[in-house]
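I opened this notebook page to keep track of what I looked up, residue by residue and then for one pocket.

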Amino acid sequence: QYYRPGHADFGFDAKYGFRDYRGGGRSSGRETAARVAAGAVAIKILKELGISLTAYTKAIGPIEANDSKPDISFALSHPVCMPDREAGEKALAFIDEKRLAKDSVGGCVKCIISGAPAGVGEPVFDKLDAALSKAMFSIGAVKAVEIGDGISASQALGSENNDGFTCADGRIATATNHCGGILGGISTGGEIVIKTYFKPTPSIYQPQKTVDQNGNTITLS
């Protein structure tokens with residue numbers, strides 16, 4: 001047995017004393033198939049509560065979609081699921097370029113939850129953003145999660161990042177949504193915005209150095 005670069009083979013073996021050599025077992029990306037099935041059911045239940053979800057590819061490698069006015073119908077019909085036609089075609093070309101180079105790419109998926117009421121989540125250990133981030137990080141290959149403006153919020157000023165409140169027709173809401181619909185771990189009633197970042201697919205056709213179970217150096221592709 002040998003340990004594939006970028007895979008969980010070694011960690012799994014170190015913890016359990018064995019690994020599934022057929023493709024990673026529970027560490028395989030195929031594990032997400034059950035989540036897709038469960039998610040389809042969850043979406044129907046949430047719809048009954050007036051909550052809807054929209055997800056699409058925000059970026060593939062360095063190619064980022066302009067989603068100021070996302071074309072969701074186009075995204076769902078396009079191979080890379082980007083809501084921006086120009087970026088989608090560039091992403092396809094980029095993927096093909098790296099495929100010919102026997103390499104792989106990573107990317108970012110953006111999810112928008114609409115209709116969630118204010119007041120969901122707990123203020124300390126069970127914050128809504130912590131729970132959502134834990135769920136995202138439980139997906140294989142996820143390396144980062146952002147809520148709202150995410151990393152860019154750390155580069156903004158308080159006067160730029162703060163979401164002021166307004167009241168219209170008796171409903172209090174934030175005028176902007178830099179927070180991504182969550183403040184203090186509790187939903188504001190605005191759109192909940194999550195960006196999830198995936199590392200490049202680790203199975204590639206380039207020769208790579210690794211070791212076998214006995215520590216011997218080998219080359220594999």
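The entries below cover two buried side chains and one pocket, in that order.

Entry one, threonine 57. I kept in mind throughout that this is a predicted model. I looked up the place of threonine 57 and found it in strand E1, which runs over residues 52–60. Its relative accessible area is 13%, and because buried means under 20%, I noted threonine 57 as buried. I then asked which backbone oxygen lies 2.7 Å from a polar atom of the side chain of threonine 57; the one I found belongs to valine 80. Leaving aside neighbours within four places in sequence, I listed the contacts of threonine 57 as Ala65, Val80, Cys81, Met82, Pro83, Cys108 and Val109, so valine 80 also appears among these contacts.

Entry two, serine 133. I located serine 133 in helix H5, residues 128–137, and wrote down a relative accessibility of 16%, at which serine 133 counts as buried. For its side chain, I found a polar atom 2.7 Å from the backbone oxygen of aspartate 129. When residues up to four places away in sequence are not counted, serine 133 touches Val145 and Ile147.

Entry three, the second largest pocket. I recorded about 180 Å³ of space in the second largest pocket. Its lining consists of Tyr2, Arg4, Pro5 and His7, together with Pro202, Ser203, Ile204, Tyr205, Gln208, Leu220 and Ser221. Sorting these lining residues by character, I entered six as nonpolar, four as polar and one as charged.

Note on methods. Residues numbered from 1 in each chain as written. Predicted model: local features only at pLDDT ≥ 70, side-chain atom pairs only at ≥ 80, totals over all residues. Heavy atoms only, no water. Helix = DSSP H or I, 4+ residues; strand = E, 2+ residues; numbered from the N terminus. Buried < 20%, exposed > 50% of the residue type's maximum accessible area, 1.4 Å probe, protein only. Polar contact = N/O pair within 3.5 Å; in protein donor to acceptor, adjacent residues only side chain to side chain. Contact = heavy atoms within 4.5 Å. 1 Å grid on protein atoms, 1.4 Å probe; cavity = no way out; pocket = protein on both sides within 12 Å on 5 of 7 lines; lining within 4 Å. Points joined across faces, edges and corners; volume = space filled by probe spheres on them. Nonpolar A, V, L, I, M, F, W, Y, C, P; charged D, E, K, R; others polar.
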